[in-house]
Amino acid sequence: MDQETWKLVLEYLAVKEDLPSSKAEIALLEKRLRDWVGKDGDREEQLELEEVLLLWQDTAQLPDDGLWKESFASIKEQIHPAPVRKLKKLKWWSAATAAAIIGALIFFIAKDKRPLTVNQNQVVWTTKTAAPGKIINVLLPDSSEIWLNSGSSISFPQNLKRAGIRTVKLNGEAFFKVKRDPAHPFVVKSQNIQTRVLGTSFNIRAWKNYRPEVTVLTGKVAVSRDSAGTQSAAVHLLPNQKVIYNTKLALLVREDVEDAKTSTDWRIGKMYFNKTPMEDVFQTISRKYALKVVSDSSFDNCELTAKFDNVSIREVLRTLELTFDIHYTINKQIIYIKGGKCN
C-alpha cells in the first residue's frame, strides 16, 4: 500500500473516531477508500476497517514484527504537520484513534501479507465427551479419528485443519488415528504429558490422579513431560512400545509390550488387567458399566490380572468373588463390596 493511501486510511480512522466530525467528511473519505478498492479486486479483503477496530479492542496486542514501527514513523511524519483544511485536527494520541491506527497497521503493514490471526484467546474450542457406559467416535476437522473411552473428553479448536500445529487436549483415554500431514504436527496434551506425532495410531491413557501412559500401534511418536508449558526431552516410541509417566519421580519410562493392540481392547468392550491395583479396576468398572463402586479398605494392596471379553457386570463380580473372596450387593446404580483378601 503506497504512502498516500496510508494517509487516507489513517485519516478515515481518525475522523471516524472524532465524534463531532460531520457525516459528509466521513462519507468523502469512505468514497475515496472505495475508489481505491475498485481499482484492484484484491484490495477489498484488506479494507475491513470495522474489523480492524474490533480486533484491536479484543486483542490489544501488537504484532511481533517490528516493520510497523518504521512505517508508522514515516506516515506520522508526513501527516502530522499537514494543515487542518476541511477536516478537524487529527487526534493522534487519543486512546480511540491510537487504537484504530495501530489496529490498521496490524492489517495493512505488508504489501502481500494477509491479516494476522487473532490471539489464542479468541480460538473457538469444541469439546466432545463420552458419557459413562458409552464409547464414541469423533472425526476431527483434519480427518483424524478418535475413539473416546467411557468418561473421557477431547477438546480441539475449530480451525484445527488450518493450524500450524494441530493441538488437542485429552482427559481420560482415547485411541487416535492421526491424518498424516508432515507440515502440521499433531500434538495431544493430556495431564502431565505431551504426545507429538505426524501421522500414526496410538492409545493414550491419562486419567486424573493416575499415571499417564502412551502405547504406539503404528508409526512413531515423541512423548515429553509437560510442566507449566515447559517440555522435557522427548522419549521416542515405535510400534509395540509404550511409555509410562512416573508422577512421583517425574520420569518417563519406556517399555516394550507384547501386543500393543491389547491397549485398545476397550473399544470392543474388553477389559484387560495386568497386575492392576484394585482402585484402578473399580474405576474402570465404574466407567464401563456406568455404576458406582463402593468398597472398604481391605483392597488397598490388592492387584488383579484378568481378561473380560465384553461380559456382564455380574460375571465380572463373580470373578472378583472367587479371586478375592468378596461379598457384594447391587442397589440401583451402586455396587457395595465388602470383605475379601488378596491372593
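**Exercise 1. The β2–β3 hairpin**

Task: In this predicted model, determine in which sense strands β2 and β3 pair, and over how many bridges.

Solution. Step 1: Strand β2 covers residues 136-139 and strand β3 covers residues 145-148; the two pair in the antiparallel sense, over four bridges.

Step 2: Within this pairing, V138 is placed opposite I146 of β3.

Step 3: The two strands form a hairpin with five residues between them. In the turn, S143 has a positive phi of about 75°.

Step 4: P141 also belongs to the loop between β2 and β3. Its relative accessibility is 31%. Buried means under 20% and exposed means over 50%, so P141 counts as partly exposed at 31%.

Step 5: Neighbours within four places in sequence aside, P141 is in contact with F156, P157, Q158, L160 and K161. P157 lies 16 residues from P141 along the chain, and the C-alpha atoms of the two are separated by 8.8 Å.

**Exercise 2. Confidence and overall make-up**

Task: State what the mean pLDDT of the protein chain is, and where pLDDT stays under 50.

Solution. Step 1: The mean pLDDT of the protein chain is 75, and 64% of the residues reach 70 or more.

Step 2: Over residues 45-102 the pLDDT stays under 50, and the model has 93 contacts beyond four places in sequence for them. Residues 104-120 also have pLDDT below 50; this stretch has 35 contacts in the model beyond near neighbours in sequence.

Step 3: The protein chain contains seven helices and 19 strands. Of its 343 residues, 42% are buried.

Step 4: Among contacts in the protein chain with a separation of 6 or more, 50% join residues 24 or more positions apart. The accessible surface of the protein chain is about 19800 Å², and carbon and sulfur atoms account for 48% of this area.

**Exercise 3. The nonpolar cores**

Task: Identify which residues touch the most other members of the largest nonpolar core, and which strand gives the most residues to this core.

Solution. Step 1: The largest nonpolar core has 29 residues, and those touching the most other members are V168, F176, F202 and V214.

Step 2: Strand β5, residues 166-177, gives the most to this core, with four residues.

Step 3: Beyond neighbours within four places in sequence, the contacts of V168 include L140, I154, F156, L160, F176 and F186.

Step 4: A second, separate core has 23 residues, among them M271, M278, L291 and V293.

**Exercise 4. M278 in the second core**

Task: Decide whether M278 is buried or exposed, and state which residues it touches.

Solution. Step 1: M278 is located in helix α6.

Step 2: Buried means under 20% relative accessible area; M278 has a relative accessibility of 1% and therefore counts as buried.

Step 3: Not counting residues up to four places away in sequence, M278 touches F299, C302, E303, L304, L320 and F324. For L304, 26 residues from M278 along the chain, the C-alpha separation from M278 is 6.5 Å.

**Exercise 5. A sheet of three strands**

Task: Give the order of the strands in the open sheet of three strands, and name the helices that pack on it.

Solution. Step 1: The order is β16-β19-β18, and the pairing is mixed.

Step 2: β16 (292-295) and β18 (326-331) are the edge strands, each pairing on one side only. From one strand to the next, the twist averages 20°.

Step 3: β16 and β19 (residues 334-339) run parallel and are joined by four bridges. Here K292 stands opposite I334 in β19.

Step 4: Helix α6 (residues 278-289) packs on the sheet and touches β16 and β19; its direction makes about 150° with that of β16. Helix α7 (residues 313-324) also packs on the sheet, where it touches β18 and β19; its direction makes about 155° with that of β18.

**Exercise 6. Positive phi values outside glycine**

Task: Locate Q191 and A290, and give the phi of Q191 and of A290.

Solution. Step 1: Q191 lies in the loop between β6 (186-190) and β7 (193-197). Although Q191 is not a glycine, its phi is positive, at about 55°.

Step 2: A290 lies in the loop between α6 and β16. The phi of A290 is near 55°, a positive value in a residue other than glycine.

Step 3: Q191 is partly exposed, with a relative accessible area of 32%. A290 likewise counts as partly exposed, at 32% relative accessibility.

Notes. Residues are numbered from 1 along each chain as its sequence is written. This is a predicted model: local features need pLDDT of at least 70, side-chain atom pairs count only at pLDDT 80 or more; totals for chains, interfaces and linings use all residues. Side-chain values use heavy atoms; hydrogens and water are left out. Two strands pair if DSSP finds at least two bridges between them. pLDDT is the predictor's confidence in each residue, from 0 to 100. Contact means heavy atoms within 4.5 Å. Buried means under 20% relative accessible area, exposed over 50%, partly exposed in between (1.4 Å probe, protein chains only). Accessible areas come from the Shrake-Rupley method with a 1.4 Å probe; for residues, only the protein chains shown count as cover. A nonpolar core is a set of buried Ala, Val, Leu, Ile, Met, Phe, Trp, Tyr and Cys residues joined through side-chain atoms within 4.5 Å. Axes are lines fitted to C-alpha atoms, for helices over the stretch in contact, and angles run from 0 to 180 degrees between N-to-C directions.
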